[in-house]
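I opened a new notebook page for this one. Here is what I looked up, entry by entry.

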Amino acid sequence: MNAPDRFELFVLPDGAKKVTMVRDTKIPNASMFTILKEDHTIGNLIRMQLIADQDIIFAGYRMPHPLEHNVNIRIQTNNNTNPLECVQKSMECLSREFTSLENSFIEQVQKKRNVADQYI
Amino acid sequence: MSQTVSQLTRQPELEILEIKNDSIIFILSNTDISVANALRRVMIAEVPTMCIDLVEFESNNSVLCDEFIAHRLGLIPLVSDNIDKFCYTRDCSCSDRCDQCSVELRLNVKCTENRPRDVTSSDLLSQNSAVIPVSSQVTSSNSEQEIPIVKLRRGQEIKLRAIAKKGVGKEHAKWSPSCVATYQFQPIIVLNQNRIDELTDQQKEEWVGSCPTKVYSYSPHQSTQQVTIEDPLRCVYCLECKKKAESFGKPDLVHLEQKQDKFIFTVESSGALKPEDIVLYAIQIIKRKLTDIQGQMAEGML
């Protein structure tokens, strides 16, 4: 009866911005990104990619509350770059990785199908 | 200086071990566990399929009430190979529903015989020939069983109209296309043959038998290498073999490890989508998410 609608998990409300960034006022080169209507799937993916970057001093994510379907990603970088550039770079890396994964998968499926109809 | 995008981008490798009508097994390697886990999560909860979501009863004097039958109808997997052609009802421009965002199925059965009649998924007639119950598909190796919905006695009748809609497993598990979507690590098992040779024959047999999934094999007829690894993939890391080895006073008899950048995926489909399509849709959905977020970032941040 009072349970929230399930589609609130993934439907972005009208007028809401998918991504917002709040610069930290106390620590240099640090920011908090908030992504609406995402969960650990994207949060963990981005965080692990950020950690692979040597310019990142700190990268972590959390979902503030189970009823708030948002991901907060906190990033701190060194002076070589800034948080926005780092996040954009890491997401570009992930996009490229999944693109090559998709191409590789399609190619493998075609190859497998051509081998005398493997379907059982 | 800063690492470039090219330097940070991994080149994942993929190898498909097996494709069947309802399952696929493949190896994903040279990538991070977060990528494998994102893929797994999306395959389970974010790949869309068609499922019955609304039921309008005109007549039902069977022994089951309306809600019970509606729930059972919702759990029948429907063929969703054309899922890309449909849009979500909440995104559709129509006022209530239309052919673009829903499919109507009808059920109209009356029992006129003396014996009870089974109402099954084959009695569901679809307005769209591309969206039918999976069990009603005509395939070359058709051993599909019809899904029973309700039993009717003589004189009982059920007449209803069911509306199938596009949805994702995040909203209700009935929309999930995967029965199973898991990955396991490649186990690395190293046997210390010198330590094994120090065991008596009975101890070797006991040690091999300590493994509940029979990873090891024992061949007493061979003069050397009597104990070997039969199938490392069966290992479930219960460490029973290590405990047994320690009880024999030989803790270094076996070494177990997981290869942390190689993932063996098993995806089993409910039939709504082909297993390779599930994986492909999952990859595309993750790409779309990343692209959406990148696009939002490009538009004035702050």
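**Ground rules.** I call a residue buried under 20% relative accessible area, exposed over 50% and partly exposed in between, with a 1.4 Å probe and protein chains only. The model is predicted, so I take local features at pLDDT of at least 70 and side-chain atom pairs only at pLDDT 80 or more, while totals for chains, interfaces and linings use all residues. Residues are numbered from 1 along each chain as its sequence is written, chains are lettered from A and ligands numbered from 1 in the order in which they are written, and side-chain values use heavy atoms, with hydrogens and water left out.

**Entry 1, chain B as a whole.** I began with the secondary structure, and chain B has 7 helices and 12 strands. Helices (H or I, at least four residues) and strands (E, at least two) are DSSP runs numbered from the N terminus. Next I asked how spread out chain B is: its radius of gyration is 27 Å, well over the 19 Å that the globule rule gives for 302 residues, so chain B is more spread out than a compact globule. For my own record, that radius is taken over C-alpha atoms, and the rule is 2.2 Å times the number of residues to the power 0.38. The C-alpha trace of chain B spans about 75 × 70 × 35 Å along its principal axes.

I then checked burial and found that 44% of the 302 residues of chain B count as buried. Among contacts in chain B with a separation of 6 or more, 73% join residues 24 or more positions apart; a contact here means heavy atoms within 4.5 Å. Chain B exposes about 15,200 Å², and carbon and sulfur atoms supply 46% of that area. Those areas come from the Shrake-Rupley method with a 1.4 Å probe, and for residues only the protein chains shown count as cover.

**Entry 2, charges.** How far apart are the mean positions of the positive and negative charges of chain B? I find 3 Å, for 35 positive and 41 negative charges. Lys and Arg count as positive and Asp and Glu as negative, with His and the chain ends not counted. Each charge is placed at NZ of Lys, CZ of Arg, CG of Asp or CD of Glu.

**Entry 3, salt bridges.** Side chains of opposite charge can pair when their charged atoms come close. I count a salt bridge when a side-chain nitrogen of Lys or Arg is within 4 Å of a carboxyl oxygen of Asp or Glu. Over all chains, the structure holds 21 of them.

I looked first at A:Glu38 and A:Lys18, whose side chains form a salt bridge at 3.0 Å, N to O. This pair links distant parts of the chain, 20 residues apart: A:Glu38 is in the loop between strand E2 (30–36) and H1 of chain A, and A:Lys18 is in the segment before strand E1 (19–23). Both partners turn out to be buried, A:Glu38 at 3% relative accessibility and A:Lys18 at 12%.

In chain B, I picked out B:Glu46 and B:Lys170, which form a salt bridge at 3.6 Å, N to O. B:Glu46 lies in the loop between helix H2 (33–45) and strand E3 (49–60), and B:Lys170 in the loop between strand E8 (157–167) and strand E9 (178–191), so the pair ties together parts 124 residues apart in sequence. B:Glu46 is buried, with a relative accessible area of 12%, and so is B:Lys170, at 11%. Which residues do shared partners join into one network? I get A:Lys18, A:Glu38, A:Asp39, B:Arg41, B:Glu46, B:Lys170 and B:Lys289.

I also noted B:Arg106, which forms a salt bridge with B:Glu104, their closest N and O atoms being 3.0 Å apart. B:Arg106 is partly exposed, at 42% relative accessibility.

**Entry 4, single residues.** A:Asn44 sits in helix H1 (residues 40–51) of chain A and is buried at 16% relative accessibility. Not counting residues up to four places away in sequence, A:Asn44 touches A:Tyr61 and B:Ser34.

B:Ser122 is in the loop between strand E5 (117–120) and strand E6 (125–126) of chain B and is partly exposed at 34%. Leaving aside neighbours within four places in sequence, I see B:Ser122 in contact with B:Ser136 and B:Glu146.

**Entry 5, positive phi.** A:Asn29, a residue other than glycine, has a positive phi near 55°. A:Asn29 lies in the loop between E1 and E2 of chain A and is partly exposed at 24%. B:Asn30 is not a glycine either, and its phi is positive at about 65°. I found B:Asn30 in the loop between strand E2 (23–29) and H2 of chain B, partly exposed at 34% relative accessibility.
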